Amino acid sequence: MSTAATPQGAPIEVRDLTKTFGSFTAVDRLSFTVEPGRITGFLGPNGAGKTTTLRMLLGLVHATSGTATIDGRDYRDLDHPQSMVGSALEATNFHPGRSGRDHLRVLAAAGGLPMSRVDELLELTGIPAAARKRAGEYSMGMRQRLGLAAALLGDPRVLILDEPSNGLDPEGIRWLRGFLRHLSSQGKTILVSSHLLQEVEQTVDDVVIIANGRLVRSGPMAQLRGAPSTIVRTSDADQLAGALRVADVTSTPGRDGELVAETTDMRLVGDVALRAGLPIWELRPRRADLEALYFELTEGTNRNLGAGATPVEADAVSGQEGANE
Ligand SMILES: Nc1ncnc2c1ncn2[C@@H]1O[C@H](COP(=O)(O)OP(=O)(O)OP(=O)(O)O)[C@@H](O)[C@H]1O
């Protein structure tokens with residue numbers, strides 16, 4: 001693998017990263033790592049500090065303290081930033097009068113990249129037909145695709161995307177999922193921000209969840225989902241629990257007389273119930289309620305909801321927050 005033509009990804013490391021705007025702390029001692037060859041979802045409600053963190057990572061904003069490195073270096077110290085990191089922070093910053101192809105050509109020329117990459121990427125991101133159209137006439141979804149094409153021009157090892165599903169229709173979201181999966185299978189490091197867990201839950205391998213600029217949870221998506229288990233309902237839950245115990249399956253009482261068995265083997269649960277002479281009224285895999293978990297982790301922390309939404313907001317108003325409004 002180390003000599004493969006496609007370079008492997010590089011880790012992103014954020015350590016004790018802090019950004020204050022006046023007296024307002026947008027990012028607060030944030031630490032996390034993003035691994036190569038995996039897709040990591042960077043999640044948090046509006047105003048949690050995601051964009052500010054990504055901007056610090058890309059050297060666009062100075063950190064107040066702490067570090068944010070790519071392959072062990074500050075963005076500004078990278079030898080070949082374009083082949084190391086590609087990013088799409090906003091889908092709106094294209095010159096409206098310039099065609100999609102011309103836009104990519106300008107970027108390719110500036111980065112000393114071959115013009116052949118431009119058509120290759122228009123094709124890859126599914127907008128070859130729109131190449132001659134002025135970017136100002138692009139739909140939000142097409143702008144997202146053009147942003148992605150621009151980010152990938154230098155065939156970077158690390159890809160940083162801010163809310164890439166914004167403006168994509170369900171088919172576009174599906175396409176993006178497959179596209180990112182393909183890129184990560186090449187070993188690239190992919191960090192994707194979103195304010196909705198549901199939007200990325202089928203796309204990402206790992207999550208980093210922040211609220212009020214602070215880390216609230218990070219780790220593999222599978223861990224967030226919890227151990228898979230089976231829900232079973234019968235006439236006598238206690239008796240079935242005993243029979244399952246004999247078969248080496250642990251279970252705990254759930255809601256409304258349900259039993260949650262710590263196995264995904266529904267056939268085993270059915271066979272045990274049959275042997276115990278118990279009817280099966282319901283048998284289904286248990287899925288973690290990620291929406292509820294995400295809400296619990298980030299509840300009431302949307303700092304963009306205006307004064308009074310949270311106590312933190314009162315502080316924000318006295319800082320420089322209003323300066324960019
Ligand atoms: N230049 C700035 N001056 C003052 N406050 C700022 C500045 N940039 C960001 N903020 C504030 O910092 C907080 C975090 O903003 P940020 O854009 O990083 O959040 P986010 O998680 O990306 O949210 P969204 O999904 O809404 O973009 C917000 O309350 C925002 O108003």
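**Two sheets and the helices around them**

Arg 15 stands opposite Thr 67, a residue of strand 4. This pair offers a convenient way into the structure, which is a predicted model. Arg 15 and Thr 67 face each other where strand 1 (residues 12-21) and strand 4 pair in the antiparallel sense, a pairing built over 5 bridges. These two strands belong to an open sheet of 3 strands, arranged in the order 2-1-4 with antiparallel pairing. At its edges are strand 2 (24-34) and strand 4 (65-70), each of which pairs on one side only. From one strand to the next, the twist averages 20°. The sheet also carries a helix: helix 1 (residues 50-57) packs on it and touches strand 1, strand 2 and strand 4. The direction of helix 1 makes about 115° with that of strand 1.

It helps to place this sheet in the chain as a whole. The domain assignment divides the protein chain into domain 1, made of 12-224 + 292-321, and domain 2, covering 227-286. Between the C-alpha centres of domain 1 and domain 2 the distance is 43 Å.

A second open sheet holds 6 strands in the order 5-6-7-3-8-9, and here the pairing is mixed. Strand 5 (85-88) and strand 9 (214-220) stand at the edges with a single partner strand each, so one side of each has no neighbour in the sheet. Neighbouring strands are turned against each other by 15° on average, direction ignored. At one end of the order, strand 5 runs parallel to strand 6 (residues 158-162), and 4 bridges join the two. One residue pair shows this register: Gly 86 has Leu 159 in strand 6 as its bridge partner.

Helices pack on this sheet as well. Helix 6 (residues 170-185) touches strand 3 (39-43), strand 6 and strand 7 (189-194), and its direction makes about 150° with that of strand 7. Helix 5, in turn, lies across strand 5 and strand 6, running at about 165° to strand 5.

Helix 5 also leads to the next layer of contacts, those between helices. The axes of helix 3 (residues 100-110) and helix 5 (residues 140-152) come within 10 Å and cross at roughly 20°. Angles under 35 degrees count as roughly parallel, and helix 3 and helix 5 are therefore roughly parallel to each other. The crossing of helix 3 past helix 5 is right-handed. On the side of helix 3 the contact is made by Gly 100, His 103, Leu 104 and Leu 107, while helix 5 contributes Leu 146, Ala 149 and Ala 150. Sorted by class, the residues of this contact are 5 nonpolar and 2 polar, with no charged ones.

Helix 3 has a further partner in helix 4 (residues 116-124): their axes come within 9 Å and cross at roughly 135°. At that angle, helix 3 and helix 4 are therefore oblique to each other. Helix 3 passes helix 4, too, in a right-handed crossing. Here Gly 100, Arg 101, Leu 104, Arg 105 and Ala 108 of helix 3 meet Arg 117, Val 118, Leu 121 and Leu 122 of helix 4. The contact of helix 3 with helix 4 comprises 5 nonpolar, 1 polar and 3 charged residues. Gly 100 and Leu 104 thus appear in the contact with helix 5 and again in the contact with helix 4.

Key: Residues numbered from 1 in each chain as written. Predicted model: local features only at pLDDT ≥ 70, side-chain atom pairs only at ≥ 80, totals over all residues. Axes fitted to C-alpha atoms, helices over the stretch in contact; angles between N-to-C directions. Parallel < 35°, antiparallel > 145°, perpendicular 65-115°, else oblique. Left-handed = near helix turned anticlockwise from the far one by under 90°. Contact = placed C-beta atoms within 7 Å. Nonpolar A, V, L, I, M, F, W, Y, C, P; charged D, E, K, R; others polar. Domains from an automatic or database assignment. Pairing = 2+ DSSP bridges.
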